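Thank you all for making the time this morning. I would like to walk through one structure with you, slowly enough that anyone who has not met it before can follow along.

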Amino acid sequence: MSNVPRFFFTELATISYQKGMHTTILKTSSDIITKFKIEELTGLNINDALVLLHDLIDMQVANLNEQNKFLESKKRALLLPHCSRKYLDNRCQASFDSNIPSYICAHCAEDCLINKADKIAKEKGYDVYVLAGGSCIPKIFNNTKYEGVVGVACGEEAKMLRSPLSNKGLAVQAIPLIKNGCANTVFNIETLAEIL
């Protein structure tokens with residue numbers, strides 16, 4: 001398999017995504033789980049796991065589809081969820097600029113994901129936005145012209161935002177949250193650094 005060009009796998013993923021094959025497989029799996037009452041038998045919420053898997057596959061395939069365009073982009077932005085800040089109370093020294101709208105990281109906690117991501121992105125020339133929600137995005141992209149954007153989000157947010165951003169001609173790369181919940185959310189900093 002290592003002799004098979006990466007292009008083959010990228011094309012396979014692209015075609016599968018365009019034809020909705022991954023959706024069909026996950027829908028069939030969900031139907032089987034429901035029909036055979038696997039959740040009741042195991043006590044596990046397997047349908048939620050399938051939704052998460054579906055979101056991850058969607059993000060990865062969409063990233064592959066946009067990767068070349070993204071790599072060619074020059075002016076880029078990083079969108080981070082404010083719920084990944086270490087502190088969501090007054091211990092966080094970030095200020096909120098309603099004109100942007102975005103939190104501005106004050107680098108108050110070394111082990112804060114937002115602090116780490118902000119430093120990595122700014123070293124690579126990105127503009128960084130720490131967002132209170134997806135509704136902040138139109139104002140950001142109406143005021144500044146970007147070619148590429150990296151967004152850290154849950155599957156639902158990523159799906160909602162990919163289309164409007166792509167329609168603006170932006171090359172989009174998404175990084176999934178590995179712990180959702182709108183507070184104390186987590187993403188993989190190594191994955192972020194690799195995509196940036």
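Let me begin with a question for the room: which element gives the most to the lining of the second largest pocket? The answer is α4, which contributes eight residues to that lining. Please keep in mind throughout that what we are looking at is a predicted model.

To stay with that pocket for a moment, its volume is about 370 Å³, and 15 residues line it, with Gln60, Gln67, Gln173, Glu194 and Ile195 lying nearest its centre. Besides α4, which spans 46–72, both β6 and α8 supply at least two residues of the lining. Sorted by class, that lining holds eight nonpolar, five polar and two charged residues.

The largest pocket, for its part, encloses about 430 Å³ of space. It is lined by 29 residues, and the ones closest to its centre are Pro81, Val152, Ala153, Cys154 and Glu157. Here the elements that give two or more residues to the lining are β1, β5, α7, which covers 155–167, and β6. By class, the count for this lining is 19 nonpolar, eight polar and two charged residues.

Let me step back to the protein as a whole. The chain folds into eight helices and seven strands, and of its 196 residues, 41% are buried. If we take the contacts between residues at least 6 apart in sequence, 66% of them join residues at least 24 apart. The accessible surface comes to about 11400 Å², and carbon and sulfur atoms account for 57% of that area.

Turning now to the interior, the largest nonpolar core consists of 26 residues, and those with the most contacts inside it are Leu78, Leu80, Val150, Phe187 and Leu192. The elements that each give two or more residues to this core are β1 (76–81), α5 (113–123), β4 (127–131), β5 (148–153), β6 (171–179) and α8 (189–195). The largest share, four residues, comes from α5. As one example of the packing, and leaving aside residues up to four places away in sequence, Leu192 touches Leu78, Ala117, Val150, Val152, Ile175 and Phe187. There is also a second, separate core of 14 residues, which includes Ala77, Cys136, Ile140 and Leu161.

Since α5 has come up, let us look at that helix more closely. Its buried residues are Leu113, Ile114, Asn115, Ala117, Asp118 and Ala121, and these pack against β1, β4, β7 and α8. Just after the helix, Gly125 takes a positive phi of about 90 degrees.

Finally, I would like to point out two details of the backbone. As background, most residues other than glycine have a negative phi, and most peptide bonds are trans. In this model, the peptide bond from Ile100 to Pro101 is cis, with omega near -15 degrees, and Pro101 sits in the loop between β2 (95–97) and β3 (102–104). His107, in the loop between β3 and α5, has a positive phi near 60 degrees although it is not a glycine.

Is His107 buried, exposed or partly exposed? Its relative accessibility is 31%, so His107 counts as partly exposed, given that buried means under 20% and exposed means over 50%.

Note on methods:
Residues numbered from 1 in each chain as written. Predicted model: local features only at pLDDT ≥ 70, side-chain atom pairs only at ≥ 80, totals over all residues. Heavy atoms only, no water. Core = buried A, V, L, I, M, F, W, Y, C linked by side-chain atoms within 4.5 Å. Buried < 20%, exposed > 50% of the residue type's maximum accessible area, 1.4 Å probe, protein only. Contact = heavy atoms within 4.5 Å. 1 Å grid on protein atoms, 1.4 Å probe; cavity = no way out; pocket = protein on both sides within 12 Å on 5 of 7 lines; lining within 4 Å. Points joined across faces, edges and corners; volume = space filled by probe spheres on them. Nonpolar A, V, L, I, M, F, W, Y, C, P; charged D, E, K, R; others polar. Areas by Shrake-Rupley, 256 points an atom, 1.4 Å probe, with all protein chains shown as cover.
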